[in-house]
Amino acid sequence: MQGEHRILNQTIELSTTGECDIHDLTGEIQRRLDEAGIIDGQALVFVPGATGGLTTTEHEPGLLRDLPEFFERIVPKGAHYHHEDTWHDGNGHSHVRASLLGPSLVVPVVDGRMTLGTWQQIIFIDFDNRPRQRSVVLQLSGVGASG
Amino acid sequence: MQGEHRILNQTIELSTTGECDIHDLTGEIQRRLDEAGIIDGQALVFVPGATGGLTTTEHEPGLLRDLPEFFERIVPKGAHYHHEDTWHDGNGHSHVRASLLGPSLVVPVVDGRMTLGTWQQIIFIDFDNRPRQRSVVLQLSGVGASG
Amino acid sequence: MQGEHRILNQTIELSTTGECDIHDLTGEIQRRLDEAGIIDGQALVFVPGATGGLTTTEHEPGLLRDLPEFFERIVPKGAHYHHEDTWHDGNGHSHVRASLLGPSLVVPVVDGRMTLGTWQQIIFIDFDNRPRQRSVVLQLSGVGASG
């Protein structure tokens, strides 16, 4: 019934502005799934770096302000971080926020679609304190149509 | 030694009361694993919606009060959320809490059992501000007995 | 092009001191991958217990102080936890911190290497309030060299 189990490794390239810059990856990941023809499996998304994180949210203007305000409240940019004593690059808060949110997200794929809710999008948050070029890792795995 | 690699997509249906309503999914997921006959693999649990999350805890009465009190302390229900300006549905705090906890959990399955600790249960937390019917996605994958 | 899809279940043994004791697992996981010969796939790391968690960070002395200070600030050891009424073991804060961080981490493996950033390490944080012997679960899966 199922074809061969496949693993496809890709990256998604992003230009980010930093300081809780939020990018909706949902459409791009679904496009990659469509191209790959994965019917049943998983989309594993991973941030190769310690100042960005992944989660889901409803990607609407209000929450795009609420999430940065939340991170500023529990991990303030202006506080002192010992990371500063090591590197003097001013992004201790970025590191703590990224460790808290986590670098990894796994989404089931069923009948060729990620099992997201209607009002739920996959977001990458860049917590760093400067613009970056980011390569987010996308690993699609599973089986396609039987051939 | 190993049988064919299989992927089974299911859902677990729940009636929730909202506002940090915590449901222990462990027993039901293990039952599904037993039925499926997966010996080595993974249980991927996923919340298809942006106001619920997944983690593990010791499911005992004290922590069932501690976890909601923690979320109320760091993401208070009574604070102002810009999400309110978009939808006026009073659940901005639910969204921020859900994004923080995350919608996805992956548990290894070894010799037919999830590798949980004795005092560790898989919990779904419904952060929404009203009762909901929830379908949590469960993807079991791996190999069964050779046969 | 790809060999057989394999699943290898292992554990990593650790002696921990508790109270946000942070262990860098990166080198050991990469060694296990090299031994297993997995070329494309995943490393799933899982804490079988409700007082430890996993994430990534830059493993340098400053952040090794910042992360414990962050957890102490948002989940103070000295606060009252209802968990105490159940067990009287003084580790309510350990449980809340572990549920927040989460027990599970999935890292893509591409060309035999985990897709971590240069300054990004996989860390296990023991939040418990006493020394422990820990077995962290490591599940390597994927395909090796064709052959």
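In this predicted model, a turn of 120° with a shift of 0.0 Å along the axis lays chain B on chain A, and the RMSD is 0.0 Å. The two copies are thus related as by a three-fold rotation axis. They use different surfaces, since 15% of the contact residues of chain B recur in chain A. Chain C is superposed on chain B by a rotation of 120°. The shift along that axis is 0.0 Å, and the RMSD is 0.0 Å. Only 15% of the interface residues of chain C are also interface residues in chain B, so these copies too meet through different surfaces.

The contacts between chains were examined next. Chain B places 26 residues in contact with 30 residues of chain A. Six elements of chain B give two or more residues to this side: β1 (5-16), β3 (40-46), α3 (83-87), α4 (92-101), β5 (104-110) and β8 (132-143). By class, the side of chain B that touches chain A has 12 nonpolar and 12 polar residues. Charged residues number 2 on that side.

The contact of chain C with chain B was described in the same terms. Here 26 residues of chain C are in contact with 30 residues of chain B. At least two residues each come from β1 (5-16), β3 (40-46), α3 (83-87), α4 (92-101), β5 (104-110) and β8 (132-143) of chain C. The side of chain C that touches chain B has 12 nonpolar, 12 polar and 2 charged residues.

Within chain A, helix α4 spans residues 92-101. The helix is largely enclosed by the rest of the structure, because 10 of its 10 residues are buried. The buried residues are G92(A), H93(A), S94(A), H95(A), V96(A), R97(A), A98(A), S99(A), L100(A) and L101(A). Their cover includes parts of two chains. From chain A come β4, α2 (61-74), α3 (83-87) and β7. From chain C come β4 (52-57) and α2 (61-74). After α4(A) comes G102(A), and the phi of G102(A) is positive, near 95°.

Strand β4 of chain A, one of the elements covering α4(A), is itself mostly covered. This strand runs over residues 52-57, and 6 of its 6 residues are buried. G52(A), L54(A) and T56(A) point one way from the strand. G53(A), T55(A) and T57(A) point the other way. Residues on both faces are buried. Strand β4(A) is joined by 6 bridges to β7 (residues 121-126) of chain A, and the two strands run antiparallel. T57(A) has Q121(A) in β7(A) as its bridge partner.

In chain C, an open sheet of 5 strands was found. Its order is β1-β8-β3-β5-β6, with antiparallel pairing. Strands β1 and β6 (113-114) of chain C stand at the edges. Each has a single partner strand, so one side of each is left without a neighbour in the sheet. Strand β6(C) is joined to β5(C) by 2 bridges, and these strands run antiparallel. V110(C) stands opposite R113(C) in β6(C). Helix α1 (residues 26-36) of chain C packs on the sheet. The helix touches β1, β3, β5, β6 and β8 of chain C. Its direction makes about 40° with that of β8(C).

Technical notes:
Residues numbered from 1 in each chain as written. Chains lettered and ligands numbered in written order. Predicted model: local features only at pLDDT ≥ 70, side-chain atom pairs only at ≥ 80, totals over all residues. Contact = placed C-beta atoms within 7 Å. Helix = DSSP H or I, 4+ residues; strand = E, 2+ residues; numbered from the N terminus. Nonpolar A, V, L, I, M, F, W, Y, C, P; charged D, E, K, R; others polar. Buried ≥ 20, exposed ≤ 12 C-beta atoms within 10 Å, placed from the backbone. Pairing = 2+ DSSP bridges. Least-squares fit on C-alpha atoms with pLDDT ≥ 70 in both. Axes fitted to C-alpha atoms, helices over the stretch in contact; angles between N-to-C directions.
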